[in-house]
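User: I'm new to this one and would like to learn how to read it. Could you take me through it feature by feature?

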Amino acid sequence: MNTIAKENAILQIIKYLPSSLMVLLIISATTYISIQHNNDLKIKKLKIEKEYLTSNKERIKLHIDVLNRYIQQQLNDSEVQLKKELNEKINVAHNIALNIYNKNKNRLSKKEIIERIKYAIEPMRFDEGSGYFSIHTMDGINILNPAFRYLKGTSVLNRKDSMGHYPVQEAIKIAKTQDKGFFTWDYYKPNDTSKIYKKFGIVKKFAPYNLIITTAIFKEDFKKSLKKV
């Protein structure tokens, strides 16, 4: 290549070099801006997703808390209602026994009066027939139990429930210290021995003969009865 040709080549390179650099710079800048923009979008997307998840978690937690409070309130209300109903029932049975005693204490023997009390209380049923009243001495001797008649005259002081507790001992303790009170135990239903159910009971002392009158209802049955109302 002669000198003139070389010079022309150099001039061409010089002529087009700035434009090539400019194009490269523009391409580089555009690529950088595009990458940076995509990174920013990804960061914003992750931030939005995180904020959304956090917000929803808080909202869900709030809803769960509200639901739990509602359920607990319903349970509390149902237990209050259960206690109220059992209290009314035990008072009726106790008043019947006391009325029989007051009318006959001066003309009948203790044995005769107790028989009359048993005769009056035994047929008293509630909760579609599954609720009944029992009578025991303070020593744990069964006098009346319509569901387990074979226990009559026997000591049930050490009779355990399905969890190993002694409900008759608990009832006697309450009667001696409080006159009347609530207690619970766990037992099978007469028509269902596949599962243990919580039973909620009440005891009231019958002072004239130092006896206790008790009654109870399975919690599950009471809740079902509330739903029917």
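User: What pattern does the chain follow, read along the sequence?

Analyst: Helices (H or I, at least four residues) and strands (E, at least two) are DSSP runs, numbered from the N terminus. Here the pattern is α-α-β-β-α-β-β-β-α, which comes to four helices and five strands. Keep in mind that this is a predicted model, where local features need pLDDT of at least 70, side-chain atom pairs count only at pLDDT 80 or more, and totals for chains, interfaces and linings use all residues. Residues are numbered from 1 along each chain as its sequence is written, and side-chain values use heavy atoms, with hydrogens and water left out.

User: How many of the residues count as buried?

Analyst: Buried means under 20% relative accessible area, exposed over 50%, and partly exposed in between (1.4 Å probe, protein chains only). In this chain of 229 residues, 29% count as buried.

User: How do I look for empty space, and what volume does the largest pocket have?

Analyst: Rolling a probe the size of a water molecule over the atoms shows where empty space is left. On a 1 Å grid over the protein atoms alone, a pocket is an open set of points with protein on both sides within 12 Å along at least five of seven lines, a cavity is a set where a 1.4 Å probe fits but cannot get out, and lining residues have an atom within 4 Å of a point. Grid points are joined across faces, edges and corners, and a volume is the space filled by probe spheres set on the points. The largest pocket here has about 620 Å³. Its lining has 33 residues, and the closest to the centre are Tyr132, Asn145, Phe148, Trp185 and Lys199. Two or more lining residues come from each of strand S1 (133-137), helix H3 (167-178), S3 and strand S5 (211-218).

User: Which classes of residue make up that lining?

Analyst: For classes, Ala, Val, Leu, Ile, Met, Phe, Trp, Tyr, Cys and Pro count as nonpolar, Asp, Glu, Lys and Arg as charged, and the others, Gly among them, as polar. The pocket lining splits into 17 nonpolar, nine polar and seven charged residues.

User: And how many cavities of 30 Å³ or more are there?

Analyst: There are two cavities of 30 Å³ or more. The largest holds about 40 Å³, and its lining is Ala97, Ile114, Ile117, Ile135, Phe206, Leu211 and Ile213. By class, that makes seven nonpolar, no polar and no charged residues. Helix H2 (110-121) and S5 each supply at least two of them.

User: What lines the second largest cavity?

Analyst: Around its space of about 30 Å³ you'll find Phe126, Asp127, Ser130, Gly131, Lys199, Ala216, Ile217 and Phe218. S5 gives the most, with three residues. The classes are four nonpolar, two polar and two charged.

User: Last one: which residues have a positive phi although they are not glycines?

Analyst: Most residues other than glycine have a negative phi, and most peptide bonds are trans. Asp179 has a positive phi of about 75° and sits in the loop between H3 and S3. Because its relative accessibility is 33%, Asp179 counts as partly exposed. Asn210 also has a positive phi, about 55°, and its place is the loop between strand S4 (192-206) and S5. With 38% relative accessibility, Asn210 counts as partly exposed.
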